[in-house]
Amino acid sequence: MRSMKTVIAVAAFAALGSAHASTINIYTGSDDGAPVAGPWASSTAAEATFTAAASSFGLSQLITFESQPVGYNANFTAAPGVTVALTGANYGAGLSGVSNTTLGNLYGFNVTSGGANWLGFPNGSAKFSFAGGANFFGAYITGVQREFTSSLTIGFNDGSSQTVFVPINVNGGATYLGFTDTSSFNSVTISNISNDAWGIDNVTVAAVPEPASIALLLAGLGVVGGVARRGAARKEK
Ligand SMILES: [Ca+2]
Ligand SMILES: [Ca+2]
């Protein structure tokens with residue numbers, strides 16, 4: 001069995017040429033060469049640390065891809081208020097789009113307990129857009145080989161963006177990458193510039209109120225308002 005890296009780095013990144021005076025904290029953990037069945041102790045620990053930090057920015061939701069149809073869909077809704085846009089070629093099952101199988105720990109694989117699905121984009125990118133804005137993003141990245149040379153671009157609501165490079169060096173297995181940002185952003189794009197086949201799963205993003213919840217809330221306010229008005233009307237009689 002390969003030795004596990006037990007690196008959990010928490011680093012403050014200075015914005016590179018950004019107009020935003022934001023502070024980005026990055027949380028990573030790597031389980032070099034870990035099997036697809038787990039465990040991924042360092043990644044799991046990094047996820048826990050990241051989730052705790054993210055909680056100060058609001059409620060979160062977990063994208064597991066388990067409810068997504070298997071196959072390559074260039075645009076889909078991953079969760080309430082969260083859309084995903086893929087670029088790059090479709091190499092088929094186990095490589096591109098949503099897969100429910102894996103070719104092994106040098107490729108993308110599922111990390112959801114009791115699940116099977118994960119998202120891959122071997123030579124392209126995945127852009128996550130948030131309707132309600134966000135201050136944090138985290139995900140398991142599986143099957144990375146040697147070096148995660150890919151870039152992470154954060155798009156802000158005013159149209160500006162900044163790019164960060166994350167130092168992850170493994171040969172297969174699982175890693176976790178999460179970050180918090182004191183400035184609200186509207187999208188995160190993970191670009192695979194190394195043409196390495198890998199995947200992401202269990203993505204933690206900000207929760208947004210569902211339309212149904214908003215409708216119920218408005219209906220509730222309407223009922224309360226109506227009762228108050230009727231009460232006032234009766235008093236006038
Ligand atoms: Ca999954
Ligand atoms: Ca790989």
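Colleague: By class, how many nonpolar residues does the lining of the largest cavity have?
Modeller: Keep in mind that this is a predicted model. The largest cavity is lined by Phe 137, Ala 139, Ile 141, Leu 152, Leu 177, Phe 179 and Ile 190. No polar and no charged residues appear in that lining. The nonpolar count is seven.

Colleague: What volume does the largest cavity have?
Modeller: The search covered the whole structure and found one cavity of 30 Å³ or more. Its volume is about 30 Å³.

Colleague: Which elements give two or more residues to the lining of the largest cavity?
Modeller: The lining includes Phe 137, Ala 139 and Ile 141, and also Leu 177, Phe 179 and Ile 190. Strand S8 spans 125-142 and strand S11 spans 173-191. The elements with two or more lining residues are S8 and S11.

Colleague: How many helices and strands does the secondary structure of the protein chain come to?
Modeller: Along the sequence the pattern reads β-β-α-β-β-β-β-β-β-β-β-β-β-α. The total is two helices and twelve strands.

Colleague: Of the 237 residues of the protein chain, what percentage count as buried?
Modeller: A residue counts as buried under 20% relative accessible area. By that cut-off, the buried share of the protein chain is 46%.

Colleague: How many aromatic pairs does the count come to?
Modeller: Two rings pair if their centres lie within 6.5 Å. By this rule the number of aromatic pairs is twelve.

Colleague: Are the rings of Phe 121 and Trp 198 stacked or edge-to-face?
Modeller: Their centres are 5.0 Å apart. Planes over 60 degrees apart count as edge-to-face. Here the planes stand at 75 degrees, so the pair is edge-to-face.

Colleague: How many residues apart in sequence are the parts that Phe 121 and Trp 198 tie together?
Modeller: Both Phe 121 and Trp 198 are buried. Phe 121 sits in the loop between strand S7 (118-120) and strand S8 (125-142). Trp 198 sits in the loop between strand S11 (173-191) and strand S12 (199-206). The pair therefore ties together parts whose separation in sequence is 77 residues.

Colleague: What kind of pair do the rings of Phe 130 and Phe 137 make?
Modeller: Phe 130 is buried, at 6% relative accessible area, and Phe 137 is buried, at 2%. Their ring centres are 6.4 Å apart. The planes are at 55 degrees, so the pair is tilted.

Colleague: Which protein residue gives two OD entries among the donors of the calcium ion (ligand 1)?
Modeller: The donors lie 2.3 to 2.7 Å from the calcium ion (ligand 1). Thr 64 (O), Glu 66 (OE), Asn 110 (OD1), Thr 112 (OG1) and Asn 117 (O) are among them. Asn 110 is buried at 13% relative accessible area, as is Asn 117 at 6%. The residue listed twice with OD is Asp 201.

Colleague: What spacing do the donors of the calcium ion (ligand 2) follow along the chain?
Modeller: This ion is coordinated by Leu 106 (O), Gly 143 (O), Gln 145 (OE1), Asp 196 (OD) and Ala 197 (O), at 2.3 to 2.6 Å. Along the chain the spacing is L-x36-G-x1-Q-x50-D-A.

Colleague: How many residues apart are Gln 145 and Ala 197?
Modeller: Gln 145 lies in the loop between S8 and strand S9 (151-156), and Ala 197 in the loop between S11 and S12. Gln 145 is partly exposed at 23% relative accessibility. Ala 197 is buried at 14% relative accessible area. This pair links distant parts of the chain, with a separation in residues of 52.

Colleague: With which side chain does the side chain of Ser 160 make a polar contact?
Modeller: Ser 160 lies in the loop between S9 and strand S10 (161-165). At 22% relative accessibility, Ser 160 counts as partly exposed. The polar contact is at 2.7 Å, and the partner is Asp 158.

Colleague: How far apart in space are Ser 160 and Phe 185, C-alpha to C-alpha?
Modeller: In sequence, Ser 160 and Phe 185 are 25 residues apart. In space, the C-alpha to C-alpha distance is 9.5 Å.

Colleague: Which backbone nitrogen lies 3.3 Å from a polar atom of the side chain of Asp 31?
Modeller: Asp 31 is in strand S2 (residues 24-32). Asp 31 is buried, with 0% relative accessible area. The backbone nitrogen at 3.3 Å belongs to Ala 41.

Technical notes. Residues are numbered from 1 along each chain as its sequence is written. Chains are lettered from A and ligands numbered from 1 in the order in which they are written. This is a predicted model: local features need pLDDT of at least 70, side-chain atom pairs count only at pLDDT 80 or more; totals for chains, interfaces and linings use all residues. Side-chain values use heavy atoms; hydrogens and water are left out. Rings of Phe, Tyr and Trp (its six-membered ring) pair if their centres lie within 6.5 Å; planes under 30 degrees apart count as stacked, over 60 as edge-to-face and the rest as tilted. Helices (H or I, at least four residues) and strands (E, at least two) are DSSP runs, numbered from the N terminus. Buried means under 20% relative accessible area, exposed over 50%, partly exposed in between (1.4 Å probe, protein chains only). Donors are N, O and S atoms within 2.8 Å of the metal (3.2 Å for Na, K and Ca); water is not among the atoms, so sites may look incomplete. On a 1 Å grid over the protein atoms alone, a cavity is a set of points where a 1.4 Å probe fits but cannot get out, and a pocket is an open set with protein on both sides within 12 Å along at least five of seven lines; lining residues have an atom within 4 Å of a point. Grid points are joined across faces, edges and corners, and a volume is the space filled by probe spheres set on the points. Ala, Val, Leu, Ile, Met, Phe, Trp, Tyr, Cys and Pro count as nonpolar, Asp, Glu, Lys and Arg as charged, and the others, Gly among them, as polar. A polar contact is a pair of N or O atoms within 3.5 Å; within protein, one must be able to donate a hydrogen and the other to accept it, and residues adjacent in sequence count only if both atoms are side-chain atoms.
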